[in-house]
Structures are given as structure tokens and as C-alpha cells.
Amino acid sequence: RSNPVTYLKAFEEIRKVFQVEPTMIEGSGGVFDVHADGKPVWSKHEIGRFPEHREVIDKIKEMSGKPG
């Protein structure tokens, strides 16, 4: 099961892979949403679960056309 350390690692991986400065905004009530360039990438509310390792990275790559 995912935990805050997992998300900090994902945060760092997003920074490294895409050479951007991600922003984490604390939510409440189990909200976990990821947006890139203003577009939704992941929504725990819509999908019903937290992402597995690299799912967010892979989804951003898919959206941007960046090779895996």
C-alpha cells in the first residue's frame, strides 16, 4: 500500500524525469489529484485508488508524447 514516503519519491522522480519543479498541495478527505500543465493526470476520486509506482510518471509521459 502507498504511503507519504512513496509520494515523496514520486515527487522527486517527476522533478528528475521532467526537469520541472512540482508543487504539492495538501488536501483533505483522501483527495489525491495530479495535474500537469493544467490537465488532469490522476484522480483518486475518479479512479478509486492511489496510483502504483510510476503510474503517474507513465501517464504524464503518455500525455506529453515523451518516450518511456
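Which residue in β2 does Val34 stand opposite? In this predicted model, the partner of Val34 is Trp42 in β2. The two strands, β1 (residues 33-36) and β2 (residues 39-43), run antiparallel and are joined by 4 bridges. Their hairpin has 2 residues between the strands, and Asp37 takes a positive phi near 55° there.

Val34 also leads to the largest pocket, since Ile14, Thr23, Asp33, Val34 and His35 lie nearest its centre among the 39 lining residues. The volume of the largest pocket is about 1000 Å³. Helix α1 (4-18), strand β1 and helix α3 (55-64) each contribute at least two residues to the lining, and the largest share, 7 residues, belongs to α1. Sorted by class, the lining comprises 20 nonpolar, 11 polar and 8 charged residues.

Turning to charged pairs, the structure holds 6 salt bridges. One of them joins the side chains of Arg15 and Glu12 at 2.9 Å, N to O; both residues lie in helix α1, 3 residues apart, or about one turn of the helix. Arg15 also forms a salt bridge with Glu21, with the closest N and O atoms 2.6 Å apart, and Glu12, Arg15 and Glu21 are thereby linked in a network. Within this network, Arg15 is partly exposed at 27% relative accessibility, Glu12 is partly exposed at 41%, and Glu21 is exposed at 57%.

A further salt bridge pairs Arg54 with Glu13, whose closest N and O atoms are 2.1 Å apart. Arg54 lies in the loop between α2 (44-47) and α3, and Glu13 in helix α1, so this pair ties together parts that are 41 residues apart in sequence. Arg54 is partly exposed, with a relative accessible area of 27%, whereas Glu13 is buried at 16%.

Methods. Residues numbered from 1 in each chain as written. Predicted model: local features only at pLDDT ≥ 70, side-chain atom pairs only at ≥ 80, totals over all residues. Heavy atoms only, no water. Pairing = 2+ DSSP bridges. 1 Å grid on protein atoms, 1.4 Å probe; cavity = no way out; pocket = protein on both sides within 12 Å on 5 of 7 lines; lining within 4 Å. Points joined across faces, edges and corners; volume = space filled by probe spheres on them. Nonpolar A, V, L, I, M, F, W, Y, C, P; charged D, E, K, R; others polar. Salt bridge = Lys/Arg side-chain N within 4 Å of Asp/Glu carboxyl O. Buried < 20%, exposed > 50% of the residue type's maximum accessible area, 1.4 Å probe, protein only.
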